[in-house]
Amino acid sequence: MKTQSSKKPRKPLTKGRIFSHLFVWVLILFTVFPIYIVIESSFNTTGLLSTNSFIPHGISLSNFRILFHDPAVPFSHWMLNSFILATANSIISVFVGAAAAFAFSRMKFRGRKTGLQALLLVQVFPSFLAIAAIYVMMERIYTVFPSFGLGSMGGLLLIYLGGSMGVNVWLLRGYINTIPMELDEAARIDGASTTQIYWLIFFPLAAPVLAVTALLTFIGTFNEFILASIFLTNVGQRTVAVGLESFVGAALGQNWGPFAAGSILASIPLVALFLSLQRFIIGGLTQGATKG
Amino acid sequence: MAVVDAFLIWMFLAAVSKHSGVIQLVTAIIFLIVNYVYFAKKPVPFKFLTPGLILMVLFILIPVIYTITMSAFNFQTGNEVSKDQAITALLANGLQPDANNTNYDMVLGSKGGVMTALLTDTQTKKSFIGNNSSVVALAPGSFAANANGDAVSAPGFTPYTADQAANLGDQINSLKMPLPGGVGLIEPQTETSASLFTEEYTYNSKADTLTNTSTGLVYKDNGDGNFELSSSPHTKLYPGWKAFNGFSNYLHLLDNPEVRGPFIGVFIWTFCFSIITVLMMFAVGLLLAIILDQKIALKRFYRSILILPYAIPSLMSILIWRGMFQTQYGAVNTLFHTHIDFMDSPWFAKGIVLIVNLWLGFPYFYLISSGALQAVPAELSEAASIDGANPAQILRRIKLPLVLQILSPLLIASFAFNFNNFNLIYLLTGGGPTDVLHGKFAGGTDILITYTYKTAFNGNHQDFGMASAISMVIFVIIGLISLWSIRRANVLDNNS
């Protein structure tokens with residue numbers, strides 16, 4: 001890389017360099033276009049995702065006001081619900097998943113290989129495909145434990161947990177495989193039990209990748225739409241994803257102004273989180289897949 | 001542990017109190033497993049595995065098994081209940097006024113505390129006394145009649161007062177008086193009149209057939225969840241029931257033209273979409289990575305802007321794009337001063353799906369490509385340049401093949417992801433445009449998973465059996481692709 005790039009820039013404005021800049025700028029325009037539009041729409045009052053002049057005429061906060069003062073759109077509840085679900089799902093699934101991944105990576109037991117293959121299949125099965133089955137199941141559970149059945153956040157959380165388990169165990173196992181076995185063995189010789197090895201050696205070492213897995217799970221849960229829209233029917237219970245969709249879905253017509261404002265508010269924490277942790281996330285993305 | 005046990009026991013008791021056998025069983029099994037695993041000394045691995053296993057079994061494995069089961073049933077609108085329920089419904093729905101339109105004058109009262117009616121046939125002037133369990137003819141002279149010859153009182157029968165009769169409300173409707181021999185039912189029409197109804201069908205439980213009482217036609221159980229005429233097998237009676245039909249749902253995907261046509265179209269587009277979209281995103285991402293890998297002005301600035309689409313929650317970006325492609329006020333049409341109905345043409349809609357997905361996905365491919373480019377050992381390029389290769393040759397002959405090799409599992413994973421990219425299609429185009437006029441049901445951009453969703457949940461006709469069968473097809477395809485890619489990478493045998 002060094003040799004190549006140190007030679008090229010000496011020849012200013014070759015065809016290749018013009019093409020490079022052009023390509024990057026076209027891509028930047030493509031990237032920024034919708035972002036610009038949505039920011040603009042959030043501050044104007046036409047309720048449309050469009051602009052005539054590309055220069056904002058006047059700034060109005062009315063769209064934001066709707067989100068916080070209109071009792072029919074409890075936006076702060078939606079945000080809270082999404083954050084509760086996403087946080088609970090990411091933390092629990094990482095704790096439970098890390099333990100299982102540890103067992104798959106470090107221990108020998110009967111059925112390990114079959115288990116791994118099953119895990120691989122489960123991992124690619126979107127829980128969404130079994131949605132009808134899950135629906136019937138949750139209906140049943142509802143009759144006995146209303147707080148974990150249909151229409152409850154607890155029930156939805158359980159479905160999310162089941163769904164994210166496969167992917168997370170798979171990703172984490174890939175990472176744990178890269179932690180040298182010698183560390184465990186040394187600790188074992190010093191008399192550590194498996195549980196101690198897990199909590200004192202493995203857990204601190206894997207902390208960064210656990211955090212990344214948790215973050216990816218968090219983002220995934222935040223983006224999840226269809227299960228949430230089917231299982232949480234009450235307006236106050238909605239997640240941000242379902243709530244915002246309801247602004248522009250067929251039922252309520254095309255209310256793009258508040259939608260744009262809400263999208264911006266909901267995106268800010270995620271974008272901030274992502275940009276601050278991007279180096280780890282990218283590492284985690286390639287790790288899980290390339291190292292298997 | 002004590003807390004978990006207490007919780008499980010509480011759940012078990014709750015299940016017992018609600019008489020829910022399945023949930024009782026499940027909680028009891030979890031209770032036993034958890035206690036065995038954490039109190040017994042031996043199975044250490046399972047101490048780590050159990051919580052994850054329980055979650056996966058409950059919320060993935062059981063639904064998967066249930067889905068497989070459903071895919072082997074005729075389970076759709078019109079075939080949702082059990083066979084007994086279907087027969088009951090058929091018999092009840094089949095009630096019709098008898099051939100002679102027999103009507104009765106009626107006096108309501110009580111006899112022995114039971115609601116009873118004195119009935120007089122308006123034509124033959126024969127009188128009866130009836131309640132919910134039987135109808136008996138009254139012998140002439142055993143009752144008192146009014147000037148019209150209608151029975152008005154009988155021994156032991158107390159007519160309701162006007163107030164009582166007015167307050168009967170729904171009780172009147174619950175009065176159904178069966179004629180002896182199951183020939184028919186007499187049902188009140190008003191407070192003072194009743195009519196005779198006969199059942200359209202009678203059920204013969206030995207032969208498992210329904211017979212139409214007026215036409216005499218015999219309907220047989222067709223083994224697929226309906227009673228149908230043996231002479232013309234497409235005359236089915238509804239409601240039908242959920243019936244086991246083995247592989248019929250899968251076979252219908254291949255041999256029933258109504259099902260096969262849309263299915264094959266959707267199937268092909270799903271593959272085209274996943275392949276094209278991955279190639280597009282990869283091409284743009286890789287090119288960007290190669291460009292930004294050079295020393296270029298403003299590199300950090302470019303980089304931080306260009307990964308924004310990956311950081312913004314995709315659900316919102318998709319909806320934003322949908323708004324921008326609106327015909328009338330959407331930003332795209334306003335910008336170019338056009339008035340194109342993008343979502344109305346299958347080809348425009350397909351193009352939009354690809355463009356939007358490119359926007360969503362190229363930053364990810366840029367990030368992984370740039371990671372892969374940097375992972376190519378510098379010695380290789382140096383050695384090549386000493387041997388006289390120019391930078392373009394180094395890139396094409398050395399770096400790109402290596403990058404491809406590093407990234408191929410990710411490309412396959414991305415293919416699998418887009419194969420099931422429900423959010424994109426459902427939120428962007430809703431699978432449309434759909435040619436509803438021609439009764440078409442699959443839209444121009446529908447992929448298998450949105451088609452499944454439509455089959456199961458949308459419209460007037462919900463077909464859970466077929467939806468489950470398509471689900472299984474998707475599952476098998478994706479499962480095979482993943483297994484193949486993992487086998488290639490050979491990680492299952494890699495123990496450390």
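In the predicted model, chain B and chain A bury about 9,400 Å² between them. Carbon and sulfur atoms give 79% of that area. The size of an interface is often given as the accessible area lost when the parts come together. Chain B contributes 101 residues to the contact, and chain A contributes 107 residues. Zero salt bridges are counted between the two chains. Polar contacts do occur, with seven residue pairs counted between chain B and chain A. On the side of chain B that touches chain A, helix H3 (residues 44-71) supplies the largest share, at 18 residues. By residue class, this side of chain B holds 75 nonpolar, 17 polar and nine charged residues.

Chain A is built from 12 helices and has zero strands. Its order of elements from the N terminus is accordingly α-α-α-α-α-α-α-α-α-α-α-α. Chain A has 292 residues, of which 54% count as buried. Contacts in chain A were also sorted by sequence separation. Among those between residues at least 6 apart, 67% join residues at least 24 apart.

Two residues of chain A illustrate its buried positions. A:Asn89 belongs to helix H4 (residues 75-106) of chain A. The relative accessibility of A:Asn89 is 2%, so this residue counts as buried. The side chain of A:Asn89 makes a polar contact of 3.3 Å with the side chain of A:Ser164. Beyond its neighbours within four places in sequence, A:Asn89 touches A:Leu157, A:Tyr160, A:Leu161, A:Ser164, A:Thr217 and A:Thr221. A:Ser164 is thus both a contact of A:Asn89 and its partner in the polar contact.

A:Gly262 sits in helix H12 (residues 256-290) of chain A. A:Gly262 counts as buried because its relative accessibility is 0%. With neighbours within four places in sequence set aside, the contacts of A:Gly262 are A:Leu67, A:Phe75 and A:Leu244. A:Gly262 and A:Ile37 are 225 residues apart along the chain, yet 14 Å separates their C-alpha atoms.

Chain B is assigned three domains. Domain 1 covers 2-70, domain 2 covers 95-199 and domain 3 covers 252-488. Four residues from domain 1 of chain B and six residues from domain 3 of chain B form the contact between those two domains. The centres of domain 1 of chain B and domain 3 of chain B lie 39 Å apart, taken over C-alpha atoms. The area buried between these domains is about 360 Å². Carbon and sulfur atoms give 81% of this area. On the side of domain 1 of chain B that touches domain 3 of chain B, three residues are nonpolar, one is polar and none is charged. Zero salt bridges are found across the interface of domain 1 and domain 3 of chain B. The count of residue pairs in polar contact across the interface of these two domains of chain B is also zero.

B:Ser71 is placed in helix H3 of chain B, the helix that gives the largest share of the chain B side facing chain A. B:Ser71 has a relative accessible area of 1% and is therefore buried. Outside its neighbours within four places in sequence, B:Ser71 is in contact with B:Gly246, B:Asn249, B:Tyr250, B:Gly465, B:Ser468, B:Ala469 and B:Met472.

Two loop residues of chain B were also examined. B:Lys125 falls in the loop between strand E4 (114-121) and strand E5 (127-130) of chain B. Phi of B:Lys125 is near 60°, a positive value in a residue other than glycine. B:Lys125 counts as partly exposed because its relative accessibility is 38%.

B:Ala389 occupies the loop between helix H13 (378-386) and helix H14 (391-419) of chain B. Apart from neighbours within four places in sequence, B:Ala389 contacts B:Ala384 and B:Ile394. The C-alpha atoms of B:Ala389 and B:Leu237 are 78 Å apart, for a separation of 152 residues along the chain.

How values were computed. Residues are numbered from 1 along each chain as its sequence is written. Chains are lettered from A and ligands numbered from 1 in the order in which they are written. This is a predicted model: local features need pLDDT of at least 70, side-chain atom pairs count only at pLDDT 80 or more; totals for chains, interfaces and linings use all residues. Side-chain values use heavy atoms; hydrogens and water are left out. Domain bounds come from an automatic or database domain assignment. Contact means heavy atoms within 4.5 Å. Buried area is the accessible area (1.4 Å probe) that two parts lose on being put together, summed over both. A salt bridge is a side-chain nitrogen of Lys or Arg within 4 Å of a carboxyl oxygen of Asp or Glu. A polar contact is a pair of N or O atoms within 3.5 Å; within protein, one must be able to donate a hydrogen and the other to accept it, and residues adjacent in sequence count only if both atoms are side-chain atoms. Ala, Val, Leu, Ile, Met, Phe, Trp, Tyr, Cys and Pro count as nonpolar, Asp, Glu, Lys and Arg as charged, and the others, Gly among them, as polar. Helices (H or I, at least four residues) and strands (E, at least two) are DSSP runs, numbered from the N terminus. Buried means under 20% relative accessible area, exposed over 50%, partly exposed in between (1.4 Å probe, protein chains only).
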